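Subject: Structure handover

Hi,

Here is the structure I promised to pass on, with my notes underneath. Have a look at it first and then read on.

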Amino acid sequence: MIFHSNPPVIEVSHLVKFFGDVEVLKDIDFKTYPGDVICVIGSSGSGKSTLLRCINMLEVPTGGQILFNGVNIMDRHTKITEYRAKVGMVFQQFNLFNNMNVLENCMTGQMKVLKKSKEEARATAMKFLTKVGMESFIEAKPHQISGGQKQRVAIARALSMEPDVLLFDEPTSALDPEMVGEVLEVMRDLVKEGLTMIIVTHEMAFARDVATRVVFMDKGVIEEEDTPDVIFNHPKNARTQEFLTRFIRNT
Amino acid sequence: MNIPIMLASTGRNFWDWVVYLLHVGGHDLLRGAGITLLLALTGTVIGCIIGFLVGVVQTIPIEPQDLLIKKILLKIVRWLLSAYVEVFRGTPMIVQAVVIYYGSMQMLGIDMSAMLAGFVVVSINTGAYMSESVRGGIYSIDKGQTEAAKAIGMTHFQTMFSIILPQALRNILPQIGNNLIINIKDTSVLSIISVTELFFTSKTLAGTYYTYYQVYLITCVMYFIMTFTCSRILRWYEKKLDGPDSFNLTSAGNAEKKGNNMRKGLSMQLFSRQPTGARSAMR
C-alpha cells in the first residue's frame, strides 16, 4: 500500500450508475490523493468513461457518493458549477467552442465563471497556451487547426481554470497516430509538475510510464488497482491478464 | 360602369398605361412598399427575439435532481409555449389578423390601429415559426460543446448565450432570411384590415383606373426587388459572419518549428483552404 500524508481530493464510494435498466457502474470505490496520476484502463463499455463523467457530474450517479475535499458533491446544496471549475476535463472529441478563436476558448471560462478581468484572463490563457506550444495560434478558429493542436488547446483551456484535478477522457483516441505523440508529451509535462490527474486511456505504454496507480475496469467494476509495475508485469487478476495479453497481441 | 370603355377609348397602349400609372400612383406605391418593408423587417426582428426566447426555454434541460417546483413550472411554461406555436402555425395569418384586430376591440376594448395590429400579427406569427427553427438550431450544435462549457463551470444560461446561441444563430440565418422574404410577401394579407401596404395600395390604384394587369405587374416587380435585395444582403451577412478563411500566426511563432519557414517576428497569412504548402506548414 502507498502511504498518503494528505487526505484524498476525490473519494468515490459505493458509486452506482444505471442507464435505464443497464447497470453501468457497480459499487465503485476509489480514491485520488493530491499528486496522483491515475490511469484507468479497460475494454470499451467497461464503464471507464462513465466513471469519469460521473466524477464531473456530467452524468448524475444513481447511487453512492462522491466527496471532493471532504464535501459531498451530490448534495443539493453543493454548488455544482463551483465544483466543476475546480475539476477540469479534457474530452476525446476536443469540444472546443467553435465560435471562438483559440485565445477566447481559454479566456471565456475564466471571465464568466471565475469572474477574472480580461487582462488577467488573457495573461493566464497565454501562459498555458505557451506551455502547450499553441501561443502562435491564438487567432485561429478551431476548424483551422489539426486534431493534435485542438487537443492541446483543449488542455490549455482546462488548465486556464487552474483546477485541482484534471480529468482526461481518452484524450488521444480521436487523433491520427502521428498526432498522439504531441498530446502525450504535453501530458507528460503536466505529470512532472505534479498535477493531479485521472486519465482514461488506451495508451498502455503511456500509462506504464506516468501513472502512480493503474485502475483496471471490467463490466462496471474495478477488477484491479495497483502500481503500473504490478498491473503490467505481474497482474493478479485473471481478467487483467486476459485484457493485457489480448491488448498486446492486437497492437 | 362606363369607365373601362372610357379608358379604352383614350387609346393608350400597354406601356403608356404603365408609365401613366407610375406617374399618378408611383408615389403611393412606393409608400406602400415602404410600409410593407417596415412591417416585414420589424415583424421578423421581433419574431426572432420571440423565437429565441421560446427556443431557449424549450431546451432547458430537466435534470432528475432538480426541485419538484422547478420541474412543474417548466412543464407548464413549455406546454403554454408549444400551444402558442401550434395555434399560430396552424391558422392562416389572414384570419389571425381579423381575429386580433376586431377581437381586441370587441373582447378587450383595446382600440389598436390597423398598423399596430399588423405589427403584432406578423411578429407573433414569425415568432411561432422561428421558435421551431431556433430549437432546431440549438440541437444542431454538438452536445460536446455544451458538456465542455459545463465542465469549466458555466451555468445553462452562460453556455446558451456565449457558446450555443451564437452558433445556432449562424446556422439558422438562412431560415431567418426565408422568414423575412415570406414576411415581405405575406404582409399583403394585412390588406384585409386595411393596412396601407403595397398590396392594398395596388388594389386601390388598380380599382381606380381599372387596369389590373398593368398595376399588378408593377407591384410584382416591386415585391421582387425587395425580396431579392434582402436575400442578397443576408447572403453577404452570412459570409461576413463566417469570418476570414485565413488567420495570422502571432509573431512569437517559434513554437511550431516543423515546416514553419517564416522569418522570425514576421506574421504570415495561412490560407486554410489552400490544399498544399500553407496547409501543411500549419500542421
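Before the contacts, one criterion: a salt bridge here is a side-chain nitrogen of Lys or Arg within 4 Å of a carboxyl oxygen of Asp or Glu. Bear in mind too that this is a predicted model.

With that rule, Glu147(B) and Arg53(A) qualify as a salt bridge, since their closest N and O atoms are 2.6 Å apart. How many salt bridges does the rule find across the interface of chain A and chain B? Just one. Polar contacts across that interface come to six residue pairs, with both partners at pLDDT 80 or more. On the chain A side, α2 (80-86), β6 (87-90), α3 (102-112) and α5 (147-160) each give at least two of the residues that touch chain B. Sorted by class, that side of chain A has 15 nonpolar, 12 polar and nine charged residues.

As for the extent of the interface, 36 residues of chain A are in contact with 37 residues of chain B. The two chains bury about 3000 Å² between them, and carbon and sulfur atoms give 57% of that. Three residues to look at are Phe97(A), Ser136(A) and Gln144(A): they supply 20% of the area chain A buries against chain B, more than any other three residues.

Now the second largest pocket, which has a volume of about 360 Å³. Residues of both chains line this pocket, including Asn98(A), Asn99(A), Lys141(A) and His143(A) from chain A, and Ile141(B), Arg170(B) and Asp242(B) from chain B. Which element supplies the largest share of the lining? That is α7(B), with five residues. In chain B, α7 (156-186) and α9 (212-242) each contribute at least two lining residues. By class, the lining splits into four nonpolar, five polar and three charged residues.

Back to salt bridges for a moment: over all chains, the count is 18. One of them joins the side chains of Glu162(A) and Lys116(A), at 3.4 Å from N to O. This pair ties together distant parts of the chain, 46 residues apart: Glu162(A) sits in the loop between α5 and β7 (165-169) of chain A, and Lys116(A) in the loop between α3 and α4 (118-131) of chain A.

If you only have time for a few spots, I'd open the Glu147(B)–Arg53(A) salt bridge and the lining that α7(B) supplies to the second largest pocket.

Cheers

Conventions:
Residues are numbered from 1 along each chain as its sequence is written. Chains are lettered from A and ligands numbered from 1 in the order in which they are written. This is a predicted model: local features need pLDDT of at least 70, side-chain atom pairs count only at pLDDT 80 or more; totals for chains, interfaces and linings use all residues. Side-chain values use heavy atoms; hydrogens and water are left out. Contact means heavy atoms within 4.5 Å. Buried area is the accessible area (1.4 Å probe) that two parts lose on being put together, summed over both. A polar contact is a pair of N or O atoms within 3.5 Å; within protein, one must be able to donate a hydrogen and the other to accept it, and residues adjacent in sequence count only if both atoms are side-chain atoms. Helices (H or I, at least four residues) and strands (E, at least two) are DSSP runs, numbered from the N terminus. Ala, Val, Leu, Ile, Met, Phe, Trp, Tyr, Cys and Pro count as nonpolar, Asp, Glu, Lys and Arg as charged, and the others, Gly among them, as polar. On a 1 Å grid over the protein atoms alone, a cavity is a set of points where a 1.4 Å probe fits but cannot get out, and a pocket is an open set with protein on both sides within 12 Å along at least five of seven lines; lining residues have an atom within 4 Å of a point. Grid points are joined across faces, edges and corners, and a volume is the space filled by probe spheres set on the points.
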